[in-house]
Amino acid sequence: MSIAKNPAHAAEITTDVDLRSGGKSSVLAGTSVRALSPRERLMRSVNSGLLTFVVVVISLLWSVPTFGLFISSFRPADAIHASGWWNSLLPPWHFTIENYQHVLQTQDFGTAFINSMIISIPGTLLPVLVAAFAAYAFAWMKFPGRDWIFLAIVTLLVVPVQMTLIPIFQILTNVGLTGSFLGIWLAHTAYGLPFAVYLLRSFFGALPSDLMESARIDGASHLRIFFSILLPLAVPSLASLVIFQFMWVWNDLLVALVLLGGAPEHAPMTVAIANLVNSFGTNYEVLTSAAFISMALPLVIFFSLQRYFVRGILAGSVKG
Amino acid sequence: MAISTTRAPSTESKTPFFGSKSRDKLIAWLWIGPAVAFVVVFLLYPVFDTLRTSFLNFDSSQFVGLDNFRHIFTDRSMLIVLRNNLLWLALGTALTVALGLLIAVLVDRVRIESFAKAAIFIPMAISFVGAGVIWKFVYDYAASGQQIGLFNAIVTRFGFAPQAWLVNGGNNIALIVVYVWMWTGFCMVILSAALKGVPTDILEAARVDGASEVAIFFRIIVPMISPTIAVVATTMIINLLKIFDVVYVMTGGNYNTNVIAVEFYNQLLNFNDNGISSALAVVLLLAIVPVMIFNIRRFRAQEATR
């Protein structure tokens, strides 16, 4: 009975307790525990085997598209077009990294990768910093209009990007910042702020108020409390926010298309790949490796910081 | 000193000329100032400016009243755009939430839960552009001979003719599948957390009373996690209304797959019509207003229990 060994398994908890207490009467008081006949036990283990099988099939189905792209990116160009990627799984194997070399050198994807970094790192740190200051004030200071201002910012969370792009483009044009990194940093800061303020305020607000009050009584300034008490405590929350914002900026296409459209030398990976798709059609040896280069960083972040990623998803709600 | 009433204790003894309150107010504004400035300049002002532009002609030189909106709701190709958005909204929301819930229930009962969750969740980390490339490859079509796209390889293996998935009648659904592939993991993670919050004794009591697993699911689990389902569904609705990247990368809005956000982009950058593109953005905003109200209510309810 494989399933009953998992203590976290909620639905089958009766069986679970039953087995752990050696099949004797359960410690759980009340009516819910009854002995299982051998037939019932067999049915349950068959069911759980079937269930595991279904889950494995779903997981595989979900992974196949990405896996196919990954395999293809290492196949020689003529092979990609001659046969399906699944054929290359059988010997004789013939894989190569020349697609990656080609993309990085001749298609100038190295520059696009660096552009993505230049856009994403300040585009993440700036909004998180600005939001952290604001969230501290919203959570721990009293001033007139506090709740209304906060509510207004939260409301802007769901405003579609499209609603703001044209005026932002015009503002940036007026000050000569279209096509510049500074312009897109400012835009991403504004887009990220409502979510960041919302998330950080709820994290900060959940910290014990005694801590702040005793620090105030001891004469600590707000700045001191913020940097030496709050930020160290909030590292996990900040981590999940940073991951979120980074992914959002890194994966963004529309904002970059509009605000950097006139400056191909500043184009990030997403814009470069979208252009490749449109101009090359089905030039898969370039597309597959380029797409994989753009996915590499988010995937590494996802696997190494999965805990924070999920935490951020659960804590936040809606991003506009 | 009223420490208990003001969280930030006053420092009036050191600042005789300032009332403590006005000083606190000033300090608070220094802290929220940058955020408020960003929001006002880059979000609030643009919203009102776009509203204004939506009543003006293509280069904003003339007031045209509701003409832009009339065009959106009467022009043939625009109606296709709106129809497609409705299809995205209905199918995309239903499929991601239903599949997310189903998978959450399934993985909750197996030992490989974390492995399965990771596999389904990974596409979330990929950009829509990356996903677009992945699925363009899956949907690849060759009129004859070797099929290098997975779908057509399967279809032809069973003796059917290969399909141009992104061009023929079902192409909108082919695009929606990509979105569902990406976002089901998101729904699953949130719904799975809610499922774990359903008290075990209630479920066990229902089982003892002879309720079937299906009845337990629909009559106990679903009602109990319905607030979370609502949150997930509204997130999907907001996402789907603005859907852009998938369509832009995979079909460019051709072959009757155009949606509001792609048409917004075309009107803005290809046709240089600020009036129509602003009006399209306003349509998106109006569609989101009910969600906004729902969010504010939910937020207030949360605050009340804080």
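**Exercise 1. Confidence in chain B**

Which elements of chain B have the lowest and the highest mean pLDDT?

*Solution.* This is a predicted model, in which local features need a pLDDT of at least 70 and side-chain atom pairs count only at pLDDT 80 or more, while totals for chains, interfaces and linings use all residues. Residues are numbered from 1 along each chain as its sequence is written, and chains are lettered from A and ligands numbered from 1 in the order in which they are written. Begin with the score itself: pLDDT is the predictor's confidence in each residue, from 0 to 100. Next, take the elements, where helices (H or I, at least four residues) and strands (E, at least two) are DSSP runs numbered from the N terminus. Among the elements of chain B, the lowest mean, 84, belongs to helix α13 (residues 274-304) of chain B, and the highest, 94, to helix α3 (residues 76-107) of chain B. Finally, chain B as a whole averages 85, with 92% of the residues scoring at least 70.

**Exercise 2. Confidence in chain A**

Find where confidence is lowest and highest in chain A.

*Solution.* Chain A has 15 helices and zero strands, and its mean pLDDT is 79, with 85% of its residues reaching 70 or more. Confidence is lowest in helix α1 (residues 13-20) of chain A, at a mean of 28, and highest in helix α5 (residues 109-140) of chain A, at 92. The pLDDT is below 50 over residues 1-33 of chain A, a stretch that has 47 contacts in the model beyond near neighbours in sequence; two residues are in contact if their C-beta atoms, placed from the backbone, lie within 7 Å.

**Exercise 3. The interface**

Describe the side of chain A that touches chain B by class of residue.

*Solution.* For the complex, the predictor gives an ipTM of 0.82 and a pTM of 0.83. In the model, 93 residues of chain A are in contact with 92 residues of chain B. Helix α2 (residues 38-73) of chain A gives the most to this side of chain A, with 13 residues. By class, this side has 61 nonpolar, 29 polar and three charged residues, where Ala, Val, Leu, Ile, Met, Phe, Trp, Tyr, Cys and Pro count as nonpolar, Asp, Glu, Lys and Arg as charged, and the others, Gly among them, as polar.

**Exercise 4. Geometry of α7(B)**

Compare the end-to-end distance of helix α7 (residues 171-195) of chain B with its expected span.

*Solution.* The expected span of a helix is 1.5 Å times one less than its number of residues. The 25 residues of this helix should therefore span 36 Å, and its end C-alpha atoms are 35 Å apart, which agrees. The helix α7(B) nevertheless bends by about 35° at Trp183(B), the bend being the angle between axes fitted to the seven residues ending there and the seven starting there.

**Exercise 5. Two residues of chain B**

Are Lys136(B) and Asn270(B) buried or exposed?

*Solution.* A residue is buried if 20 or more other C-beta atoms, placed from the backbone, lie within 10 Å of its own, exposed if 12 or fewer, and partly exposed in between. Lys136(B), found in helix α5 (residues 128-138) of chain B, has 23 other C-beta atoms within 10 Å and is therefore buried. Leaving aside neighbours within four places in sequence, Lys136(B) is in contact with Val277(A) and Met250(B). Asn270(B), found in helix α12 (residues 260-270) of chain B, has 8 other C-beta atoms within 10 Å, so Asn270(B) is exposed.
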